[in-house]
Amino acid sequence: MVYKSSFNIISMLNHGRRNYVHKPTLIHALHNISKILNTEIYIKRDDLISMGGGGNKCRKLEYIVQDAIDKGADTLITCGSTQSNHCRLTASVASVEKLKCWLVIEESEEDPYNPDNTGNNYLFNLLKTNLH
């Protein structure tokens with residue numbers, strides 16, 4: 001069964017969720033720039049999330065994937081560019097959850113998918129993601 005998300009922020013609050021962001025994200029003070037700007041500046045360290053960054057995307061996927069699993073889906077489908085972090089994280093989550101994953105890669109760039117490319121293309125192949 002293929003799942004189509006119709007999630008919105010209100011319905012998200014009424015559902016369970018997966019746990020891809022295992023702890024509160026660290027917040028670091030940036031002392032040097034704070035001193036220069038004469039105000040306190042902090043950075044949220046979503047790069048430390050176990051799924052490889054993309055904190056807001058991981059948090060969103062926690063709810064969407066839980067809903068998909070609750071509805072009996074066996075496949076996740078999403079779209080984006082070849083270097084889309086959302087696509088990369090969706091493929092990662094699908095692999096963790098043992099779901100099939102289809103990525104619709106936009107064709108606005110020349111040769112959008114080349115299996116010899118590095119970066120996300122390499123990870124898509126590693127995660128056995130279906131590409132269209």
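**Exercise 1. How many of the 13 residues of α4 are buried?**

The model is predicted: local features need pLDDT of at least 70, side-chain atom pairs count only at pLDDT 80 or more, and totals for chains, interfaces and linings use all residues. Residues are numbered from 1 along each chain as its sequence is written, and side-chain values use heavy atoms, with hydrogens and water left out.

Step 1. Fix the terms. Helices (H or I, at least four residues) and strands (E, at least two) are DSSP runs, numbered from the N terminus. Buried means under 20% relative accessible area, exposed over 50%, and partly exposed in between, with a 1.4 Å probe and protein chains only.

Step 2. List the buried residues of α4: H86, C87, R88, L89, T90, A91, S92, V93, A94 and E97.

Step 3. Conclude. In α4, 10 of the 13 residues are buried, so the helix is largely enclosed by the rest of the structure.

**Exercise 2. Describe the chain as a whole.**

Step 1. Take the secondary structure. The protein chain has five helices and five strands, and along the sequence they follow the pattern α-β-α-β-α-β-α-β-α-β.

Step 2. Take the burial. Of the 132 residues in the protein chain, 36% are buried.

Step 3. Take the contacts (heavy atoms within 4.5 Å). Among contacts with a separation of 6 or more, 67% join residues 24 or more positions apart.

**Exercise 3. Compare the spans of α3 and α4 with the expected values.**

Step 1. State the rule: the expected span is 1.5 Å times one less than the number of residues in the helix.

Step 2. Apply the rule to α3. Helix α3 covers residues 55-70 and has 16 residues, which should span 22 Å; the C-alpha atoms at its ends are 23 Å apart, in agreement.

Step 3. Apply the rule to α4. With 13 residues, α4 reaches 18 Å from its first C-alpha to its last, close to the 18 Å expected.

Step 4. Look past the end of α3. The helix is followed by G72, which has a positive phi near 85 degrees.

**Exercise 4. Characterise the packing of α3 against α4.**

Step 1. Recall the descriptors. Two packed helices are described by the angle between their axes and the distance between the axes.

Step 2. Read off both values. The axes of α3 and α4 (residues 85-97) come within 11 Å and cross at roughly 45 degrees. That makes α3 oblique to α4. Angles under 35 degrees count as roughly parallel, over 145 as roughly antiparallel, 65 to 115 as roughly perpendicular and the rest as oblique. Axes here are lines fitted to C-alpha atoms, for helices over the stretch in contact, and angles run from 0 to 180 degrees between N-to-C directions.

Step 3. Assign the hand. The crossing of α3 past α4 is right-handed: the near helix is turned clockwise from the far one by less than a right angle.

Step 4. List the residues that meet. From α3 these are K57, C58, K60, L61, V65 and I69, and from α4 they are N85, H86, L89, T90, V93 and E97.

Step 5. Check burial on the α3 side. Buried residues in α3 include C58, L61 and V65.

**Exercise 5. Which cysteine is closest to C87 by sulfur distance, and why is there no bond?**

Step 1. Apply the criterion. A disulfide is a pair of cysteine sulfur atoms within 2.5 Å.

Step 2. Test C87. The closest cysteine sulfur is in C79, 6.7 Å away, too far for a bond. C87 has 0% relative accessibility and therefore counts as buried.

Step 3. Test C101. Its closest cysteine sulfur lies in C87 at 7.8 Å, again too far for a bond. C101 is buried too, at a relative accessible area of 4%.

Step 4. Give the total: the structure holds zero disulfides.

**Exercise 6. Locate two non-glycine residues with positive phi.**

Step 1. N38 is not a glycine, yet its phi is positive, about 60 degrees. N38 lies in the loop between α2 (31-37) and β2 (42-44) and is exposed, with a relative accessible area of 70%.

Step 2. K98 is not a glycine either, and its phi is also positive at about 60 degrees. K98 sits in the loop between α4 and β4 (100-105) and is exposed at 75% relative accessible area.

**Exercise 7. Find the surroundings of N120.**

Step 1. Place the residue: N120 is in helix α5 (residues 120-126) and is buried, with a relative accessible area of 6%.

Step 2. List its contacts. Neighbours within four places in sequence aside, N120 is in contact with T82, Q83, S84, N85 and R88.

Step 3. Add a distance. N120 and T82 are 38 residues apart along the chain, and their C-alpha atoms are separated by 6.6 Å.
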